[in-house]
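Open your viewer and keep the selection panel handy. We will walk from one stop to the next, and at each one I will tell you what to pick and what is there.

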Number of protein chains: 2
Amino acid sequence: MNEPAPQVEPQDSVRNDIPDIVIGRLPIYLRTLKLLMERGSEVTSSQELGDLLGISSAQIRKDLSHFGEFGKQGTGYNIPFLNKQLEKILKVDCVWPVVMVGAGNLGTALASYNGFENRGFRIVALFDSAPEKIGQQLGAITVQPLEEIPVVVRRTHCQVAVLAVPAAAAQAVSALLIESGINSILCYAPITLSVPENVRVEYIDPVIHFQHMTYYLRKGCIEDA
Amino acid sequence: MNEPAPQVEPQDSVRNDIPDIVIGRLPIYLRTLKLLMERGSEVTSSQELGDLLGISSAQIRKDLSHFGEFGKQGTGYNIPFLNKQLEKILKVDCVWPVVMVGAGNLGTALASYNGFENRGFRIVALFDSAPEKIGQQLGAITVQPLEEIPVVVRRTHCQVAVLAVPAAAAQAVSALLIESGINSILCYAPITLSVPENVRVEYIDPVIHFQHMTYYLRKGCIEDA
DNA sequence: CCGCGATTGTACCTGCAATCACAAACGCGG
DNA sequence: CCGCGTTTGTGATTGCAGGTACAATCGCGG
Ligand SMILES: NC(=O)c1ccc[n+]([C@@H]2O[C@H](COP(=O)([O-])OP(=O)(O)OC[C@H]3O[C@@H](n4cnc5c(N)ncnc54)[C@H](O)[C@@H]3O)[C@@H](O)[C@H]2O)c1
Ligand SMILES: NC(=O)c1ccc[n+]([C@@H]2O[C@H](COP(=O)([O-])OP(=O)(O)OC[C@H]3O[C@@H](n4cnc5c(N)ncnc54)[C@H](O)[C@@H]3O)[C@@H](O)[C@H]2O)c1
């Protein structure tokens, strides 16, 4: 469909020497640049960005320098320009299709969330195994049965999926997604998936964050468990 | 303003020399141990845990060794015992009260989520600024106006909050929470908060994960933005 | 046209995180 | 009771992430 396909290399082999941890910070920078754009600023500096994000200016400069020279000495970075460059690097200067499985509480909240589109993503399909959920309309999309996953994933050339099913079902559903062509999964189920090497999984589990926090607190809880 | 509230030790001072990154992995270990317990296993090894989590056995052993000697050579770790030890270390051998602000799509999904309690947390209150949301019933809790935040936080001695309001409101709401005695915030709004040093903020933003993933993908999106 | 404050990009250095490797300890079977 | 396979806990080692420091460059004002 859209093809200035930049020579694609098998994603495992070509890990540009750029560290993954650096890639992980780019979306944060991008998010902050969009905020500054909304505020109408034209330029910023590594110092200002660092202050906003609570990290050092040197780290920001070094991270960006992996990809080119985007700033001007004495001035800083042009915000719309840097924004566009980061979008290109992360390949979000376009909209990616995303499929989701699990039309429960969380899945429906995500499906009706309107904050994806302007950051490069659109949920194009939602699947569930419960017969009573099939056919439900959520915004522009309709809940479909699992059998449709292979069909839809192939038709849309979708590579990214969200998993919002109970933990007990997550492993099996992920296998189905991967068979159908998905290679990137965002998993909300509180479980670590076992997947082939060429599939990337990231996790969101609020309890992990809570438990990290309580380590540093002094005890003051409601009741013993 | 906030006085007899359970005050955190300034987390800088009490930083047992244990690295924060180690603490961050403990909840993952704990989650996996609970899974193994459900499966009825009695013992496990750093090897098995590492395989389940995709990390090295040595790292698991070293992480645990910061807190004591929980295993037995030749045998491994007793699962219920290690589970209990980790719960103690993370202080989740009890239930922590959590307040939440924002009763929108996401907030209501979280409020009705039943996966918090058995991992150490309970959402005890939900606040919103919209008059039409006030009084809504969600499971056991009722949506309250923002004015109640200081009262409720102090009464419950709650230290942990979830922020599920629009990005534009997040900074102001966080200030109100902190004034009221909150010192740990899980922020779902796609924005970096500015908070005092003794307050810990963690973030959940699915788009950050998506954008991290697309860096490694070959382009195949729907349309240019 | 020049000098000055500001800011970048980068070479160098430091420190810590992750891995390696192994002695010590355990269970078991004979 | 001993010897063997297993697994832990930990000192030693490696590798890399982040910080430091500064020369190079820019805009601007005089
Ligand atoms: N709701 C939240 O706020 C929240 C918060 C944190 C984590 N989570 C996690 O997200 C996941 C979903 O949570 P939820 O609250 O939406 O649960 P839910 O029970 O409301 O919804 C789960 C949905 O998945 C569907 N489902 C079950 N098995 C399936 C299968 N094999 N294939 C396809 N669909 C299947 C169910 O029909 C249901 O619609 C869970 O793993 C949960 O632990 C949810
Ligand atoms: N819905 C999702 O799946 C999703 C996904 C990712 C991130 N988020 C983020 O989570 C946050 C909430 O998302 P949502 O979809 O629930 O939005 P929403 O619009 O459905 O709900 C927001 C709620 O916050 C309330 N609110 C607004 N201003 C407030 C204020 N000053 N004080 C208290 N309450 C206020 C509104 O009345 C509303 O009830 C947003 O920042 C959003 O970007 C949501």
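Select A:Ser56 together with DNA strand D: a polar side-chain atom of A:Ser56 lies 3.0 Å from a phosphate oxygen of the strand. That is a polar contact, meaning a pair of N or O atoms within 3.5 Å; within protein, one must be able to donate a hydrogen and the other to accept it, and residues adjacent in sequence count only if both atoms are side-chain atoms. The model is predicted: local features need pLDDT of at least 70 and side-chain atom pairs count only at pLDDT 80 or more, while totals for chains, interfaces and linings use all residues. Residues are numbered from 1 along each chain as its sequence is written, chains are lettered from A and ligands numbered from 1 in the order in which they are written, and side-chain values use heavy atoms, with hydrogens and water left out.

Next, pick A:Arg61, where a side-chain N or O atom is 3.4 Å from a base nitrogen of DNA strand D. At A:Gln73, look at the backbone instead: a polar atom there is 3.3 Å from a sugar or linking oxygen of the strand. Elements giving two or more residues to this surface include helix H1 (20–38) of chain A and strand S3 (76–78) of chain B. H3(A) gives the most, with 4 residues.

Now show everything near DNA strand D (a heavy atom within 4 Å of it). You should have 26 residues, with A:Lys62, B:Ser46 and B:Tyr77 among the closest. Colour them by class and you get 5 nonpolar, 13 polar and 8 charged; here Ala, Val, Leu, Ile, Met, Phe, Trp, Tyr, Cys and Pro count as nonpolar, Asp, Glu, Lys and Arg as charged, and the others, Gly among them, as polar.

Which cysteines form a disulfide? Select A:Cys94 and B:Cys221, whose sulfur atoms are 2.5 Å apart, since a disulfide is a pair of cysteine sulfur atoms within 2.5 Å. This pair crosses between chains, from strand S4 (residues 94–101) of chain A to a loop of chain B. The link is left-handed, with -100 degrees about the S-S bond. A:Cys94 is buried at 1% relative accessibility (buried means under 20% relative accessible area, exposed over 50%, partly exposed in between, with a 1.4 Å probe and protein chains only).

Finally, move to A:Cys158: its sulfur is 11 Å from the closest cysteine sulfur, in B:Cys221, which is too far for a bond. A:Cys158 is also buried, at 2% relative accessibility.
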